[in-house]
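Please open the structure in your viewer and keep the selection panel at hand. We will go from one stop to the next, selecting a few residues each time and saying what is there.

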Amino acid sequence: MNKRQFLKSILASGVGLSSYSAVGQQLAMINASAKAAPLENYKALVCIFLYGGNDSYNMLIPTETSDYQTYADVRQNLAIAQETLIPLSTSSSLPYALGVPDYMSPVSELFHQGRLAFINNVGPLVEPTFKANIENGSALLPPQLFSHNDQQKLWETAGSNINELSGWAGRMADLITDTSANSLSMNISLAGNNVMQTGKIVQPYSMTADGAPMFDALNPLHNWNSQRIALFDQLIALDNHVLGNSYKKIMSTARTNALQVNQALDSLPILATTFDQDSLSQELAMTTKLIAAREALGMNRQVFFIGFGGWDTHDRQLLDHPRLLNTLSLALHRFNDAINELGLSESVTAFTASDFGRTLTSNGDGTDHGWGGHQLVMGGAVNGGKLYGEMPELALNSQNDLADGRMIPTTSSEEYGAQLAKWFGLTDAEVAQVFPTLSRFDQNNINFLQSN
Amino acid sequence: MMRSSIFLFSIVLLVSCGGDSANNTTASPPVIDNPPTTTTPPTPEPVDPYQQKIQAARLLNQATFGATLTDINYLITRGEEAWIEEQLNIPPSLHYPLVEPFIDNDDFWRTYRISAWWQNTLYGEDQLRQRVAFALSEIFVVSEYNGVLFDSPEALANYYDILVTNAFSSYRHLLEKITLSPAMGVYLSMLGNEKPNIARNIRPDENYAREVMQLFSVGLVELNIDGSLKLDSAGQIIPTYDQTVIKGFAHVFTGWNFNGTTEDTWYRWWQNFNLLEPMSAVTHYHDAQEKHLFSGVLLPANQTPEKDLSDALDALANHSNVPPFIAKQLIQKLITSNPTPEYIERIARVFIDNGFGERGDLAAVIKAILLDEEARFGHDLAPQSFGKVREPIIRATHMWRAFNLTYISDRIDFSWPDYFFGQAPLASPSVFNFYRPDYSPIELNASYGLVAPELQIATESTMTNTINFFAWYGLWRHFSGEVENTDISEEDELYLDFSTEVSIAEEEGAQALLEHLNIVLTAGALNDQAITLLVNAFEESEQQDIESKIANLVFLIMSAPQYAIQR
């Protein structure tokens with residue numbers, strides 16, 4: 001049994017977290033004798049998490065007058081003016097023609113270049129879910145709908161178990177990383193700790209847009225620190241508090257990885273593409289550098305996690321939401337340019353996620369927590385210029401409207417993640433292990449990425 | 001060399017706070033006749049002055065922004081319970097008055113409120129009140145990361161003062177104060193929230209309704225009094241509320257706006273713009289229908305906005321979840337990340353009744369949390385798991401308190417604690433605070449089922465920056481003796497004063513120095529081996545400069561898990 005098979009067996013057998021230690025020990029033994037079969041080529045996934053809940057029904061908007069009127073009746077004072085919409089030309093079959101607001105012109109450009117696609121009305125689901133089943137009480141619903149942190153967590157774990165601590169990118173890393181080597185994690189976060197990248201074994205490594213800081217007084221590259229470092233290591237070995245052990249583990253990763261990362265970032269090609277100063281752009285700039293440094297880092301698979309906050313537009317929506325979408329659009333376009341410069345457009349796929357969509361109805365000057373929402377996927381491997389999944393009816397109290405314009409998702413976030421994982425190189429069997437309830441959904445309707 | 005009046009003032013405060021001076025350290029402290037616990041402690045042993053100081057430091061690390069030698073000696077003379085009583089009665093040190101003189105400055109920005117926070121947390125006599133207010137600021141979260149509040153540090157200082165002032169009042173009173181605070185009104189968009197307009201599909205804003213329940217009062221699921229999950233007959237968790245209840249509360253929270261707003265000025269916000277006075281209500285914009293809250297609570301139609309609000313806050317405060325929900329979080333913030341159910345229940349019962357039939361008496365709750373046998377002796381019962389990861393910013397206040405921070409500018413100019421610590425007062429990325437109370441690194445959860453909330457912000461980057469703080473502001477920024485003899489010259493330089501430590505090392509030797517640091521910093525968490533290791537290193541070090549050798553020890557200890565985990 002090689003390592004991947006072993007992990008499959010423990011994931012499939014439903015070994016709980018309580019057996020983690022035992023699993024870890026077995027794994028260490030197996031790693032000593034067997035290595036994961038290396039995946040070929042280089043691929044990276046870049047998750048841009050829109051924290052707070054993107055009102056994506058103000059991102060894709062009907063353009064034809066009668067459909068626009070339905071939209072405007074529901075959205076009232078939050079409706080975006082019809083004359084400012086940029087129509088999307090697409091071969092996708094849609095119930096009504098769609099456009100994006102003019103402040104998303106960089107996204108419209110990418111869409112029409114075939115570099116970007118929309119996945120419609122995605123959200124956490126336990127099973128395919130219809131309004132009638134919800135109303136008669138027979139539907140199984142995700143726990144704690146409309147709660148920020150819980151819905152973020154369901155997006156990231158890709159399932160409906162609110163107590164699950166591992167995320168889908170973390171479980172991918174468990175399967176495909178050679179954990180015997182004490183090397184940099186496949187999963188790098190520029191937005192701190194997150195569930196998505198947390199595996200049962202592999203943990204994400206956190207950096208910032210500024211890079212990986214070094215421990216100035218514990219830096220082994222400086223001779224004057226050597227006595228202090230030796231003493232420090234002796235000192236911390238004398239403590240065995242279990243919370244302290246977690247603290248030591250983070251510190252140890254920080255000490256090892258910062259050295260490695262900074263050396264790899266030392267000599268990189270200078271790109272013509274420049275990034276703006278907003279935090280999203282800066283995090284994408286650092287992501288670009290880490291991708292450029294992939295060989296020095298010894299990576300052929302990477303998942304990056306980027307956080308972009310401010311989307312919880314309960315008020316001031318007309319002020320804030322256009323600005324956020326504009327920032328996102330510009331940053332995506334620059335990132336696309338930078339990855340093209342590296343010659344890696346087929347190898348890097350960026351995608352969005354967000355807590356939830358928002359109510360189509362207004363609360364006066366904003367919107368409240370909803371459920372389904374649209375997502376963007378960008379890269380050379382994307383079958384772009386298309387919209388995937390179903391575009392729901394926008395009229396209030398339609399079959400898609402749970403109430404007040406909370407859209408019942410028509411594609412599960414698990415299906416969405418599974419497409420990304422499959423492109424990343426996981427076999428169907430591995431995908432099924434990473435996404436535990438995927439088989440409940442028909443996954444064939446959203447093939448938005450080119451097959452390997 | 002000039003010293004500012006504020007600096008001198010702070011020295012005076014420190015002395016008056018301690019009521020005892022540092023040269024008393026060798027005097028033998030009085031014996032505590034009655035250990036101040038309400039339940040039976042482990043068998044009393046003869047008082048060992050070293051152990052007694054360690055016990056005092058433990059309480060001070062739980063109840064203040066960090067133990068100091070002066071405070072340790074003072075607490076020993078007073079006794080634990082009397083010290084707490086004294087702290088409960090010290091008048092509040094406020095933030096707004098420290099910010100107010102600068103409001104009209106062209107460069108008025110967060111630096112002034114952050115300075116005020118350092119001033120009060122480092123030097124306030126009301127240490128316990130300040131410490132509890134900080135904990136409350138991480139439960140009842142308002143953050144500057146908001147389009148309006150970012151430019152209004154005075155509004156945030158004022159909000160913080162609500163927490164400081166009401167830290168020992170009743171929960172119900174505090175809940176009303178924060179609900180009507182204009183900072184909260186802006187942050188969670190209750191301010192300006194209107195009754196529904198059916199014709200235009202406009203509903204009341206659900207933001208405050210949702211978060212006041214999820215985060216400030218009852219939480220998502222029904223709890224037993226010991227904080228464990230209540231289950232239904234099918235073994236399933238029971239949600240505390242559903243969307244109908246959210247709507248009910250959202251309708252309650254309509255009609256409130258800046259103080260003094262009238263029907264005429266409702267949309268002319270600039271006429272009443274006021275981020276300091278509590279919001280006031282305008283009946284015309286308040287929903288007049290009846291409102292369904294929790295099962296059994298129905299607010300009749302046509303109540304005033306004030307009556308609806310009062311009834312709704314009563315409903316929240318009287319919910320059976322509040323005592324364990326709030327008690328557990330306060331225990332986690334002050335004492336231990338993983339309290340036993342029995343500890344939570346004991347505190348929840350004090351929350352329900354302070355002994356005088358009053359519910360939600362926060363002073364009684366805090367006192368009970370600190371004097372509980374688990375708070376006082378938990379580290380003996382579970383030495384490998386009791387305690388919590390110290391919040392990084394409180395490691396900083398501790399260093400600066402313990403080693404007499406010295407500076408020559410007129411205020412502490414340290415405006416971006418976020419950079420070093422991943423946190424700053426009232427600057428959380430969202431209403432969910434910097435970290436969640438149930439955060440657990442996956443291996444800690446898998447192996448032990450424990451949580452370590454503060455590790456959510458302990459990323460590799462933040463941890464590195466925090467330890468670099470101890471290097472830049474400790475290891476490499478210190479003096480001893482007369483401040484006039486140092487090279488402090490830059491306006492914004494912050495120095496540690498190791499005079500006390502130098503004299504201990506010179507007069508009593510390395511063992512005494514390490515015992516001193518083991519008391520003041522780690523409250524006994526350095527075991528004998530660790531002390532021997534550091535004593536030997538200190539004595540064998542080729543470095544001639546004793547002060548630098550002390551700085552090196554302080555850096556090593558404050559970076560190590562023995563210090564990072566408060567136990």
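Buried area is the accessible area, taken with a 1.4 Å probe, that two parts lose on being put together, summed over both. Before the first stop, note that this is a predicted model, in which local features need pLDDT of at least 70 and side-chain atom pairs count only at pLDDT 80 or more, while totals for chains, interfaces and linings use all residues. Residues are numbered from 1 along each chain as its sequence is written, chains are lettered from A and ligands numbered from 1 in the order in which they are written, and side-chain values use heavy atoms, with hydrogens and water left out.

**Stop one: where the chains meet**

Colour chain A and chain B differently, and look at the area buried between them, which is about 6000 Å², with carbon and sulfur atoms giving 60% of it. Now select Leu235(A), Leu243(A) and Tyr247(A), which in chain A lose the most area to chain B and together make up 12% of what that side buries. If you count contacts (heavy atoms within 4.5 Å), 70 residues of chain A touch 78 residues of chain B.

Next, select Lys247(B) and Asp404(A), which form a salt bridge whose closest N and O atoms are 3.0 Å apart; the term stands for a side-chain nitrogen of Lys or Arg within 4 Å of a carboxyl oxygen of Asp or Glu. Five salt bridges are found across this interface.

Which helix gives the largest share of the side of chain A that touches chain B? That share, eleven residues, comes from α9(A), where helices (H or I, at least four residues) and strands (E, at least two) are DSSP runs numbered from the N terminus. By class, this side of chain A has 26 nonpolar, 30 polar and 14 charged residues; Ala, Val, Leu, Ile, Met, Phe, Trp, Tyr, Cys and Pro count as nonpolar, Asp, Glu, Lys and Arg as charged, and the others, Gly among them, as polar.

**Stop two: a link within chain A**

Select Asp233(A) and Arg255(A), whose side chains meet in a salt bridge (2.8 Å, N to O). Asp233(A) lies in helix α8 of chain A and Arg255(A) in helix α9 of chain A, so the pair ties together parts that are 22 residues apart in sequence. Over all chains, the structure holds 32 salt bridges.

**Stop three: an enclosed space**

Select Tyr247(A) again, this time with Val389(B), Arg390(B) and Pro392(B), which are among the residues that line the second largest cavity. The elements that give two or more residues to this lining are α19 (392-402) and α22 (460-475) of chain B, and α22(B) gives the most, with three residues. The lining has six nonpolar, two polar and three charged residues.

**Stop four: two loops of chain B**

Most residues other than glycine have a negative phi. Select Asn201(B), in the loop between α10 (182-187) and α11 (207-214) of chain B, which has a positive phi of about 55 degrees although it is not a glycine. Then go to Asn433(B), in the loop between α20 (417-421) and α21 (442-448) of chain B, where phi is again positive, at about 65 degrees, in a residue that is not a glycine.

Methods:
On a 1 Å grid over the protein atoms alone, a cavity is a set of points where a 1.4 Å probe fits but cannot get out, and a pocket is an open set with protein on both sides within 12 Å along at least five of seven lines; lining residues have an atom within 4 Å of a point.
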